[in-house]
Every structure is written in structure tokens, then in C-alpha cells.
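User: I am in my first year and would like a close look at one part of this model, with its surroundings explained step by step. Please begin with a single residue and work outwards from there.

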Amino acid sequence: MSVLLSVAIRNLVQARRRTFFLAFALAMVMVFLIILMGISGGLTDNLVRSATTLSSGHVNVAGFFKARASDANPIVTDRRKIRRIVEENTPGVDYVIDRARGWARIIAPEGSLNAGLTGVDIREESRLLVALELARESEYVEGGRDAVVGDGRGLLSDDGALIFAGQAKRLGLRVGDQITISVETLKGARNTGDFRVVAVARDIGFMSNLSVFVSKVGLRSLYHLDEDVTGAIQVYLKDIGEAPRVMGHLRGVLEDAGYALMEHDPRVFWMKFENVVGSDWLGQRLDLTIWSDEISFITWVLTAIDSVSFTLVGILVVIIAVGIMNSLWMSVRERTTEVGTLRAIGMSKRRVLVMFLLEALVLGFVATSVGAVLGVGLISGVDALGFRVPEESVRMILLSDRLHLSVQASQVLLAVGAFTLLSGLSAVWPAYRASRMQPITAIGHIG
Amino acid sequence: MSRMGLLLTLAVRNLWSHRVKTMVVGTILAFGTFLVVIGTALIDSIEDAMEESVTQSVSGQFQVYSSEGRDELALFGGGFMGTDDIGRIDRFERVRETLSAVDNVEAVVPMGLDIASLTAPGELEGALELLRDAVRKGDGQSYGPLSAQVREIIDQMRVERENTERISRNGNLSTLQEELALLRRGLSQELWQEFEVDPLSVLEFLDTKVAALAEEGRLLYFRYLGTDLDLYRKHFDRLEIVEGTFVPPRSRGFLFNERFYEQLVKHRVAVYFDRIDEARREEGKTISQSADLQARVRRLKKQYRRITHQLDPVEHARLEAELKKRHPEVEGGLVALLQAFLDLDDETFEERYRFFYDVITPMIRLYAFRPGDTLTIRAYTRSGFLKAVNIELYGVFRFRGLEKSRLATAFCLTDILTFRELYGLMTEERKAELYDIKREVGLADVAREDAEEALFGGANGLVETVQAAGGFDEFARLEEVTARELRDGARFVQSEVDQGLALNAAIVLEDPARRTETRHAITRALRSAGLPLKVVDWKGAAGMVGQLVIVIRGVLYVGILIIFIVAMVIINNSMVMAIIERTTEIGTMRAIGAQRRIVLEMFLLETLVLGVVAGVVGALLATGLVSWWGASGLPAPSRQLIFLFGGPRLFPDFGPGHVVAGFIVIGVVSVVSTLYPARLATRVEPVVAMREKE
């Protein structure tokens, strides 16, 4: 085997120019592939971060309460008891919080905008304070101080509100300013309250434009809700990959505890109003979702990027495979005499086949490895530089203000393996032809 | 010439003798051409479809808006939910004067865009309306069933209140208990005995005390465009009325777009039926195969209440009998029968669809609003207060040829005075001015009562101005003036439209082909008039939607570029190998006197010939496919992309430009990828031909 390997390497080195061009093409495609995977991976990271910071746990126990048939209040009554059940029965749980939800108009002297309200109990949200980077005042006020003003812990006070830099800029707000929050129920009933901006956080993609944090007490008073009512109990796991399984498990647990559950509907909660409104049940139903359900309305971007990548890489792979096949075909023709000699001195057909396959495999492996190293280096470099994305529409698609690229080692290894295998596959036909040659005609072959 | 002929013969011969290489390179080139032609044709078709949708429905060839706002114009919404700050045009008349003078400008249409909401009427309201009609007509026979319906709804309200008690904090309980007391009175025997004697006083009680407790119906959000309707209709001439009428000249009024009307104003069960029907007919889906449709059917089954709630006892009995005939095996009453009926499958769908529309829809309110109804439209003013306006719904519109376009169906329409009112940006000075104008024209006295009666059914013109915290009392002062003005009726004079505020304006050109020069002329005219306005084309006006096309085009070009770079490397490689094989032949040619140039030309010509043949094959395949799609329609890959396609299917088209682009690209690629191998070939010395073959 090692003899065959060294023959293969020798042949590659001998046909330097050909090897170089093929390897160059392969490496380049590998770099492209890794860049594309990096974009997709970076977007997934952004998605997970946006979702799990702003609006969702890894698993959510939310629900709807219907006082009348045409109602759909996105609330969970009986909060304490359900939360205790969840805390005690979730395998691999990291921590559990619960947040109230609302939809509001944020009114400031300079303008107003709509946003989702999240009511938090900041005493149990230490991780939120870490995940939200506060913005320096100069980032949202022209001529503002170059220092962070305000503190997320200001949400301890009932009238505290945490907004995002984009919103602050738009509404001309700085920490300490008063805002009026006007909530509107699905039925068009309204209520308003005065709040105070206690902190301004950096934007997390466009989703943060639609998000404002207030104290849970403040939100409950806007909606006249009881203390034992919340919006969603958010469960964070040690391993986010376990989310679907944990959701299944919790469904069973809650059902056993006598709670009525809604059928799993993988959509964000505000897309379910229409169905809930028309449904025939009354009272409380719980609705369990995982993080990806709550951002299902933007995962199409991910699908789009992935399908573009897939198509592009697919086309490139076909072109490369044709190139390898052509090149090996030439190699076989050039070396017909050599093959004939080898066969004549007793080399088996199988070993001839393996010899040519090895040549392609070695080429594929070396080239893709080099490409992988280059690609990973490139995306790590770009990621570390943290370019600002200039275009608003691209920012919206990437869900971030900065270009974030990330790729997992396992993906890279898989790609190297797949490409190497593919190189081998495209060599099968020329190698097979070589192995089928009759020694006598092969030796006699000229050119 | 003969040299050319010779070279050509040589090229063809060489291509033939190296068939494998020719096949490999040729396939890659043909595929490249195919990709370029198809890619550019598709993206151009997408852009054309979008351009048509946007320019013909709202933007015109250009949009102008203030350069002083913080945001860029985004006709379909910006990155924030809420109103973008695109500045404003305070005196539209100046813009019109300036721009109408520019050559090739056909019209300047004032516009204002915003989001507003509308509440579909509640059930109790509807039921009381029917009962009041019956009392007015003295139709004693219907009292029984109708009052039973009213009682049932009130009983539901009682149950709701009792449910709400469970989730409400203590502070609210006293109000709840008061409300419960009223509801219990509404259900009491005494009250309904009194009804027999004095129906009007009981109705009065129900109307004022009990109906006030009923929560309103469904909240519908929509984007609307306030404009000079008469001018708009004249210059956006694809607009057609599907139902009702257009708003009469110089009148206030509202128009729904057809999609909003069919998908949000329509009865939910009907919308479910329509959606399944559409998926089956147009997308070729079946319930048994499509998980999406199965989920819809499951949800539809739970929506039976939307039907039962709208039936009076007579209809209830009739529908129950009808359904019993269809589903004799079902045990139980109407609810069970309806559930069985709504459990759709592929075999029975069409028949049940017909039954639904023939038998059930006449009994229910198919649309929450009909032309002729008065709408109460609510919107947030610039400063964030909720403002409401009552306005008559005249009709439902669509754009000819753009019925399926998501972009052309993004707006409802109203007059610009209503927009100004909802937007809350009329200054007092401006209003006083308008008043003077009106008095001069003498319109204020015209049929004041009549107009009021016709529009608002005697109610006040202005419904409410919700005010939150203090400190914004400019609105308190405005309210009185506004109310007075609205009561002056639904009619106005043209100068009111012209002399006031607009957020942006559409410029419609006489000859769109001359748009580039006209754009320059417009910019010049604005500058010399000292108007701080920006001019943008449809793409610039469409915000994110417009930019998306640019992004897609960018992705396509980068993709094609990458593919060609790799293809060039591979072609280059194949050629190099071919030349190494042909070293002896080249040496011989050189030895018998061929110049290096001849060798170079021979190789270049060889790839060019191959490029042309491959290009023709690729272009033929691509144009064939595009034509086929153009006839049968290319379905949108996902529902989110329908807006890009101008409908569920794109009908792409290609022009000579796409084929030419394909050939140019392929020509460049063939030549570039041959340069290095051909140079290698020219370096072959004649002496190699003398050597023994390896």
C-alpha cells in the first residue's frame, strides 16, 4: 500500500503543472465553501443569540388564555406552580426564568414606534444583563458622552425601561428620559403608562428594533394582570441541541400534571392569535415551543443562504469532478506504457485501479486541506476584524450590525472528507479503464 | 482569407481529434452560457415584475420627498415598526407648480403613507342591529329568535367576565362586579318581559349599558395611502373597482384593496376554504400529500364557532337539517355536524367548497365590512397619539394585470385630507387658512346636515382622540377645529387638497423611456426653486424591498463569477494537457515555417469555435427553458418570495441582451482560459519535432 501511495505521490509531483492547477481549483472551491458555511454559521449564531436573548428560551412554556371564544391572550396563568413543575422536571436544565409579553407603542417627544414589550424580573435576569451590551451614549446621541450611561439594574424600579440604541436614536432619547408606553390589546382596548429609560443597549440585528424591556411589574400594571400571570416560562438548557427532546419530555410532564396543551405549532406566538381566536376551547392552554419556533418567521433567510450555497457549491463540484476526470484520463493515456509494464511484471488489476484512485485521493485530500486551512484562517480573520455591515438590507438579512462568520470544526472535517471522496469517485472511471488494459497492447501503445 | 479558412479547418479538425477534451471544455462553456442567460433573464424578469407592481400602483416613475427627514423613503415600511421620519412637504402646491413645468412630467400626485387599524364589529353590535331593525319594522315574529341570539351573546359575556375575574388583580374586581351585575340584568326574565311591552327602552338599555361592555371585534392592521384620489385614479389607470364604486370626485372616502378584502376582511372559514382551493388548483397540492394543508384542515375544524355565532335560531335549524342530510351518521347537533363537514379531504373538497358558498355563506356575514359601511379608522399621529376618523367605505379595488402581486396590493386608499387628519400634522394656521378658502367658495353651507347623515349616520364626525400623558395639549386645541371641519361633510374643494401637506409625491411621466433626462431636469428645477427635496426611482422608494433586488443581483453575479473562475482553471488545465500532447505536432508546424502568431491564433480560434458552438447550445437550452417557464409560469419557491415574483408564479421573458451577455461572457472566458496554454504552445521550438516521440 505504501508503495502505491508513493507511486501516486510521485506521479502527482511529476505532472506538476496539472496537479497544481487542479489542486488550485479544488482549494479555491473549498475556500468558497468554507466562506459560505461561515456566513450561514454566523447567521445561525446571530439567530440563536437574538432569539435567546430577546424573545425566547431554549424551550418555552407559554400559552393562551381565552376568557371568551374570540379571545387570545398570550399569557400563562398559574405561573408559580407551572414554573415549579418545569424547574423540577427538566433534564439538563441550566436555569429558568419567566417573562411577560406585550405589544406597545413607545411614545417619546420626538416620535413614536411600535415594539414588543418584554416584562422581566431583573433580579433573576443576571444573564440578560451580560448578554446585552450597553451602548455608549455617543453611539445614540450626537455629541453624547463617550461612556456607558445608565444600568440595566434600573429595571428594578417599576417604571424602568431598557431600549436599544437604534430606538434611542430614532426617538431622540437618552438615559433618564421619560417615555409613554401605550399598550393595545388584540381587541383594540388601550392603556398607557409613563416609564423612564434606565439603560440603552447595543442593537442585536433588526430584531432589537422591535424589542423593549420593562419591569414585569410595570408590564403587568399596563395590562391589569394578576401577579400569578406571566407570558412565557423560558427554560435554558446546558445543551441547546437537547431542546426538542426536552420539549417533548415537558409536554408529557405538564399533561400528567393536568394541564391542557395546544398542539405543537412551530411558529412564533404572535402568528398563532388567528387560530386561537377561532378555536372552541376556553380557559388556559399551554403552548410549548423551542427557540427556533419563535424565530421561524426569519429562518427563511437561513434557508435562502443555505440553498444558494448548496447550489453554487454543487455546480462547482461538478465542474471540478469533470476536471479531475479529464486530467486522470490524460494521465492514464500518457502512462499507458507504464501501466502495461507494471501489469506485465505481475501487478494485479486491482492494484492498478487502487494506484490511480490513490492519486486522485491524495490530490483531493492535500488540496482540500490546504483550502480548508486557508478558508478557516480567512473567516477567523474577517470575524476578528468585525466589519460593520454598511447596507441596511444586508444588516437585516444577517441579523447583525457586524459581519460575524463562524464555522464548526466538524463541518470543515466533513467537507474535507466529502471533497476527498468526491475526487476519488471522479477517478473511478479513468482508473477502471487503466486497470482493464491488456499488458501487451499497453506496452505497444505509442503516445 | 485563405489563411483564416485554413486556421478554421485546423481548429475544427483539432477539436474533433481531441473529443474528450472538447466534450469537457464544451460542456463547461455551454453550461456557463446557460447559467448567464438564465440567471440574467430571471433576475431581469423579477425586477421588471417588481418595477411594474411598484410604479403602476404607487410610486410612479419617480418619488420626491423631503431631504430633511431622518429616514429614507420606504413605501413598504422601514426597519422599525411605526412611522418612518421621511420629513414632509409642507406646501405641496409649490412642488406641483415647480414640477409640472418640467418637460415630460405628466402629473405630480401628492401622497402620504401610514399604518392604521380598523376594528371589525363585535357580535353583540350586529345582533342588536338586527333586533332594532325588526322592532322598527314591527316584525314581531323575529323578536323571539333574535332576542334569543342577543341573550346568548350576553350570556357569553357573563362567562367571560367570570373567567376574567380569575386572572385580574384585585384593584379591578369592583368594576368587574359592576359589569357582571349589568350583564345579569341583561339576561333577566324581567327585562325580556318588559321588552314585549316597551322594546325601545329595553333596546336603549342594551345599547348604552350592555353593548358598551362588549369587547370590540377583531383588530385589523393595514398600510394605507392617502392621496388626491381623482388625480391618482387618472394617472394610475390600471386601477379598477371590483366591488362598490370609486370615491366620488372631491369627496372623502376609503377603498380596500382586493387582497386585504379577500384575506383579512373576509370570514375566516371562507379564507381557509379559499386558501385550500387555491393550493389545490394553482399549486397542484393535495390535502393528503401536503402537511401544510393538513395543518390547515386541522385548524379549520376548530373554527366552527365562527359560523355558529353568526346564525340566528332559524338559520341554525336550517343548517342543522341540511348538514344532517349530508352526514346522517354523525351523532349530535350542529357543532358535531359542522366539525364533520369541515374535516376536509381531497375527494369531498370541491363539493363541500360549493356547499359552503351556496348554502352556508348566505347565512353568515361573509365580509366584516361592505361598501357603504362606515369605517372607524385609527392611526397613531406623528406624536404617538391614537386618532380615529369615521369614513365611508366606497369600494374594493385592484390593479389590472397585477391582481396577484403582493407589492401592488400592499395599500388601501383614501383621500389625503383623511390622511392629514390621521397623521395629525395640520397646523392651526393652516386650518384657519383652509377655513377661509372654504368660506369664500361657499361650500361650508352646502347640505351640511345631509352630508353628515349620509356619512356618519348622525353620529359625531370625530370619534375619539385618545390622549395619554399631559403636555401635548396642542391636540386638545386642534380637536375642536378638526371636528368642525369633518362635519362640514365629505366634500371638499380641490384647493384643500393641493394647498397642504404631503409626505411624498409620485411623478408620472408622459414618456417613461426618457426618464434619465427628465430626472436631471427635475433635480435642476427643484434646486432652482429652492425646494429641499430628494428624487428617487422606484427602487430607491421601495426601501428594503428595492434593495433586495440589488442584493439578489449581487449574489447572482458573484456566484457566476466564482463559477467562471473555477471553470477557467479547469479549462486552462485541460488545454495545457492537450498542448503537451500535441507538442510534436506544433514543433512540426513551426519547423515547416509556421510563425508563433499562427500557432497562437490557431489555439485561440480553436477555443473560440468551441465557445461559439457551446454558447449556441447553452443559449438555446436556456432560452428554451425560459420560454417554457414564460408560458407555464415558474412557481415561487416559497411563500415569502411571492412578492419578488409579482405573484405565485413568475412568467419570465428574455431579450437579445441576455443572449448577447451570455456570448460576451463566454467569449471572454474562452479567450482568457486559452491565453496561458496558447503561450505555452508558441514556446515550442521546431527542434522538438525532430526528436523521437516519448
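Analyst:
**From one threonine outwards**

Leaving out residues up to four places away in sequence, Thr118(A) touches Leu54(A), Arg99(A), Ala100(A), Ser211(A), Val212(A), Phe213(A), Val214(A) and Leu219(A). The model is a predicted one, and every value here is computed from it. Thr118(A) belongs to strand β3 of chain A, which covers residues 111–120. Its relative accessibility is 10%, and because buried means under 20%, Thr118(A) counts as buried.

One of the residues that Thr118(A) touches, Ser211(A), leads on to Ser55(A). These two serines, Ser55(A) and Ser211(A), are 156 residues apart in sequence, and yet their C-alpha atoms are 8.4 Å apart in space. Ser55(A) lies in helix α2 of chain A, which spans residues 16–55. With a relative accessibility of 26%, Ser55(A) counts as partly exposed, whereas Thr118(A) counts as buried. When neighbours within four places in sequence are left aside, Ser55(A) is in contact with Ser50(A), Arg99(A), Arg101(A), Met207(A) and Gln234(A). Arg99(A) is therefore a residue to look for twice, since it appears among the contacts of Thr118(A) and among those of Ser55(A).

Chain A also offers two helix pairs that can be read in the same careful way. Helix α3 (residues 79–89) and helix α8 (residues 243–256) of chain A pack at an angle of about 130°, and their axes are 11 Å apart. That angle makes α3(A) oblique to α8(A), and α3(A) passes α8(A) in a right-handed crossing. On the α3(A) side, the residues that meet the partner are Ile82(A), Ile85(A), Val86(A) and Asn89(A), while α8(A) contributes His249(A), Leu250(A), Val253(A) and Leu254(A). The spacing of such residues is easier to follow once one knows that an α-helix has 3.6 residues a turn, so residues three or four places apart point the same way.

The second pair consists of helix α13 (residues 349–385) and helix α15 (residues 409–426) of chain A, which pack at an angle of about 150° with their axes 8 Å apart. Because angles over 145 degrees count as roughly antiparallel, α13(A) and α15(A) are roughly antiparallel to each other. Here too the crossing is right-handed, as α13(A) passes α15(A). The residues of α13(A) that meet α15(A) include Leu357(A), Leu361(A), Gly364(A), Phe365(A) and Val376(A), and among their counterparts in α15(A) are Val412(A), Val416(A), Phe419(A) and Gly424(A).

A look at chain B completes the tour. Its secondary structure comes to 28 helices and 14 strands, and of its 694 residues 54% count as buried. The largest nonpolar core has 136 residues, of which Phe254(B) and Phe256(B) touch the most other members. Helix α2 of chain B, residues 19–59, supplies the largest share of this core with 10 residues. Not counting residues up to four places away in sequence, the contacts of Phe256(B) include Tyr261(B), Val265(B), Phe369(B) and Cys412(B). Two of these, Tyr261(B) and Val265(B), are buried residues of helix α10 of chain B (residues 258–265), together with Glu258(B) and Phe260(B). Strands β4, β5, β6, β8 and β9 of chain B are among the elements that cover the buried residues of α10(B). At the N-terminal end of α10(B), Asn257(B) acts as a cap, with a side-chain oxygen 2.9 Å from the backbone nitrogen of Arg259(B).

Key: Residues numbered from 1 in each chain as written. Chains lettered and ligands numbered in written order. Predicted model: local features only at pLDDT ≥ 70, side-chain atom pairs only at ≥ 80, totals over all residues. Heavy atoms only, no water. Core = buried A, V, L, I, M, F, W, Y, C linked by side-chain atoms within 4.5 Å. Buried < 20%, exposed > 50% of the residue type's maximum accessible area, 1.4 Å probe, protein only. Helix = DSSP H or I, 4+ residues; strand = E, 2+ residues; numbered from the N terminus. Contact = heavy atoms within 4.5 Å. Polar contact = N/O pair within 3.5 Å; in protein donor to acceptor, adjacent residues only side chain to side chain. Axes fitted to C-alpha atoms, helices over the stretch in contact; angles between N-to-C directions. Parallel < 35°, antiparallel > 145°, perpendicular 65-115°, else oblique. Left-handed = near helix turned anticlockwise from the far one by under 90°.
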